[in-house]
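Reader: I would like a close look at one part of this protein. Please take one helix and its surroundings, then set it in the context of the whole chain.

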Amino acid sequence: MALTTNKAVLSWVDEMAALTKPEKIVWIDGSEEQLAEIRNEGIATGELIKLNEEVLPGCVYHRSALNDVARVEGRTFICCRNKEDAGPTNNWMDPQEMYAKLNGLYDGSMKGRTMYVIPYSMSVVGSPFAKYGVELTDSIYVVVSMAIMTRVGANVYEALGDSPDFIKGLHSKAELDEEKRYIVHFPEDNTIMSVNSGYGGNVLLGKKCFALRIASYLGRKENWMAEHMLILGIEDPEGNVRYLAAAFPSACGKTNLAMLIPPEIYTSKGYKVWCVGDDIAWLREGPDGRLWAVNPENGFFGVAPGTSMKSNPNALLSTMKNSIFTNVVLKPDGTVWWEGMDKNPPTGALNWKGEPWDPADGSKGAHPNSRFTAPAKNCPCISSEFDNPQGVPIDAIVFGGRRAKTAPLVYQSRNWQHGVFVGSIMASETTAAATGAVGVVRRDPMAMLPFCGYHMGDYWQHWLNMGKLVKNPPKIFNVNWFRLDDEGHFIWPGFGDNMRVLQWIMARCYGEVDAVETAIGYVPNPDDINVEGLDISKAVLEDLLTVDKALWKEEVSGITEFYAKFGDKLPKELAEELETLKANLE
Ligand code: GTP
Ligand code: SPV
Ligand code: MN
């Protein structure tokens, strides 16, 4: 039975049901009883596999199709009326043409299946940041995942009342045909349509589709920002907590940084790090003129490989109950494994494809983009402010990517405008989070290349405008944990030791430490990075902090080429910053 009398919801559900022709419609109310029933149905059909109840209570395993294990950027579209508004970095098609094409693909796609109607909120229901969505899907995996990743419940209908102001999301697995796979956004219609996929980032429509692509478009109209950022709080021994938000491209360390455990020299003094979010931040000016942020999600969809009790215990502990594991190794005892969890690959297990797996044959057991889906509340270091509807005040914005060379361990921009430039020139090696080549350096401005729902030039202008609108904006930094030595090893230890860099960043925000001005911005005095308890020589640290002018001149040509794509949509402030950089390198 329908759980709402909202006419816009009812007529849209009717219309989509007439198109996709499901056998029945189930209205999700968010109750544990209903979810348990649906989970059991998924277990009965094999869509989900129940895991060991003693070790992993409430957990299930899921495999996506072999051709369907990552985001598909080439098949992701922004369909606004004017092609120009989507910009040079998005795929575009005329909305009417795209609706016609999709209607063909959805026609009867749910025959013999159930259509689930999922009401969900991004951010706490009733928060000034909150936005509501309804996702229609024929996938039980999507229902149980959305119930972890977002706030699902009939209270969303109450908050919505009679308003048509919700994001429509239609998802159908259809035939999982990769030639007919489309992830489409109609920002002018508040609509998302996803078809022929079952992979998280393509089908959990609250996440990248809504909370980044649609939300970035809404944020520009409504003077706020939707960003691919983690949010964390650093508590000092006196109990003050200061927050920062950091944008790194997919699989470049947001989850790891957001949950970091500081080195012993910090914990022994009473420092703590609290996680507010690991992937998405919505930011707006607060009443005090600072920039405040919420994490609109309710769970973590994290990269499994490399997650261990050594590298990220907080993430691993988050997955110990009521979680979903996708495309990892399934052990005979009903537990899971992945590369980097420990040094003991299991025998007698099934690999991510569901085949008997012999670790000795050299193949990977888990897919490199295998993931866990875990409730945020499970995280031992979840912030007390996680559910605060007002969010947290942000002192620093940090950009970063995977760069073998060029980018130093950390540097600070000279001011907001220069900081926007620093974000706009971000580059990083591609990872397994999206289909295509891995390890290729590409420009990924603000880590939003695959997620900006409109013209990237307008997006940069919006960033510049926000710096003027917000009376007391955060300071902007750039980090790089991924510099390699000549043998191809990471020079910086990373993970928990990144706390040493965060401490310098916070000290800069509060005017507590000096810095050295270079061509690209302010770099730490090597003595100001605390390396106590770390086996790293001063020479190596100096090397990590060097700004190699020859490499940066190459960088300038790369940026010039990239900026040329944006024509007269490139904000003049950014063109000026590029000129300044060029001059500084002479
Ligand atoms: P998405 O969920 O795809 O947006 O990714 P994410 O940014 O949250 O990435 P995540 O934290 O899951 O990290 C992905 C990979 O980066 C893992 O393989 C980690 O082992 C590696 N990684 C994270 N932090 C560090 C670090 O400080 N140093 C090094 N060398 N590797 C790191
Ligand atoms: C990313 O790729 O940046 C992710 C995973 O966080 S997905 O939800 O698939 O986009
Ligand atoms: Mn992400």
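Author: What follows starts at helix H5, moves along its contacts, and then widens to other sites and the whole protein.

The model is predicted. Keep that in mind throughout.

**Helix H5 and its start**

H5 covers residues 140-149. How many of its ten residues are buried? Nine of them are, so the helix is mostly covered, with buried meaning under 20% relative accessible area. The run opens with Ile140, Tyr141, Val142, Val143 and Val144, which are buried. Ser145, Met146, Ile148 and Met149 are buried too.

Which residue caps the N-terminal end of H5? Serine 139 does. One of its side-chain oxygens lies 3.2 Å from the backbone nitrogen of tyrosine 141.

That backbone nitrogen has another partner. A polar atom in the side chain of glutamate 47 lies 2.9 Å from the backbone nitrogen of tyrosine 141. Glutamate 47 comes from elsewhere in the chain: the loop between helix H2 (32-45) and strand S2 (49-50). Is glutamate 47 buried or exposed? Its relative accessible area is 19%, so it is buried. The cut-off matters here, because buried means under 20%.

Glutamate 47 touches Ser139, Ile140 and Tyr141, among others. Its contacts also include Gly42, Tyr61, His62 and Lys173. Residues up to four places away in sequence are not counted in that list. The capping serine 139 is thus one of the residues that glutamate 47 touches.

**Helix H1**

Now to another helix. Valine 13 sits in H1, residues 7-20. Its relative accessible area is 1%, so valine 13 is buried. Beyond its sequence neighbours, valine 13 touches Ile25, Trp27, Val117 and Leu136. How far is valine 13 from tryptophan 463? They are 450 residues apart in sequence and 36 Å apart in space, C-alpha to C-alpha.

**Strands S24 and S26**

Alanine 396 belongs to strand S24, residues 392-400. Its relative accessible area is 0%, so alanine 396 is buried. Its contacts, neighbours within four places left aside, include Tyr243, Leu244 and Ala245. Pro474, Lys475 and Phe477 also touch alanine 396, as do Ile505 and Cys509.

Follow the chain on from S24. Threonine 406 lies in the loop between S24 and strand S25 (410-412). Alanine 396 and threonine 406 are ten residues apart along the chain, with their C-alpha atoms separated by 22 Å. Threonine 406 counts as buried because its relative accessibility is 9%. Its phi is near 65°, a positive value in a residue other than glycine. Why single that out? Most residues other than glycine have a negative phi.

Asparagine 190 shows a positive phi as well, about 50°, although it is not a glycine. Where is asparagine 190? It is in the loop between strand S9 (182-186) and strand S10 (191-195). At 19% relative accessibility, asparagine 190 counts as buried.

Serine 428 is in strand S26, residues 427-429. At 3% relative accessibility, it counts as buried. Its side chain reaches the backbone nitrogen of arginine 402 at 2.8 Å. Arg402 is also on the contact list of serine 428, together with Gly401 and Arg403. Val440, Val441 and Arg442 touch serine 428 as well. Pro249 and Cys252 are on that list too.

**The whole protein**

How many helices and strands are there? The protein has 17 helices and 30 strands. Its C-alpha trace spans about 65 × 55 × 45 Å along the principal axes. With 586 residues, a compact globule would have a radius of gyration near 25 Å. The protein has 23 Å, which agrees.

Of the 586 residues, 60% count as buried. The exposed area is about 22100 Å², and carbon and sulfur atoms supply 50% of it. Take the contacts with a separation of 6 or more: residues 24 or more positions apart account for 72% of them.

Charge comes last. There are 57 positive and 75 negative side chains. The centres of the two sets lie 2 Å apart.

Back to the requested part. H5 is mostly covered. At its N-terminal end, the backbone nitrogen of tyrosine 141 lies 3.2 Å from a side-chain oxygen of serine 139 and 2.9 Å from a side-chain polar atom of glutamate 47.

Methods. Residues numbered from 1 in each chain as written. Chains lettered and ligands numbered in written order. Predicted model: local features only at pLDDT ≥ 70, side-chain atom pairs only at ≥ 80, totals over all residues. Heavy atoms only, no water. Helix = DSSP H or I, 4+ residues; strand = E, 2+ residues; numbered from the N terminus. Rg over C-alpha atoms; globule rule 2.2 N^0.38 Å. Buried < 20%, exposed > 50% of the residue type's maximum accessible area, 1.4 Å probe, protein only. Contact = heavy atoms within 4.5 Å. Areas by Shrake-Rupley, 256 points an atom, 1.4 Å probe, with all protein chains shown as cover. Lys, Arg positive; Asp, Glu negative; His and termini not counted. Charge placed at Lys NZ, Arg CZ, Asp CG, Glu CD. Polar contact = N/O pair within 3.5 Å; in protein donor to acceptor, adjacent residues only side chain to side chain.
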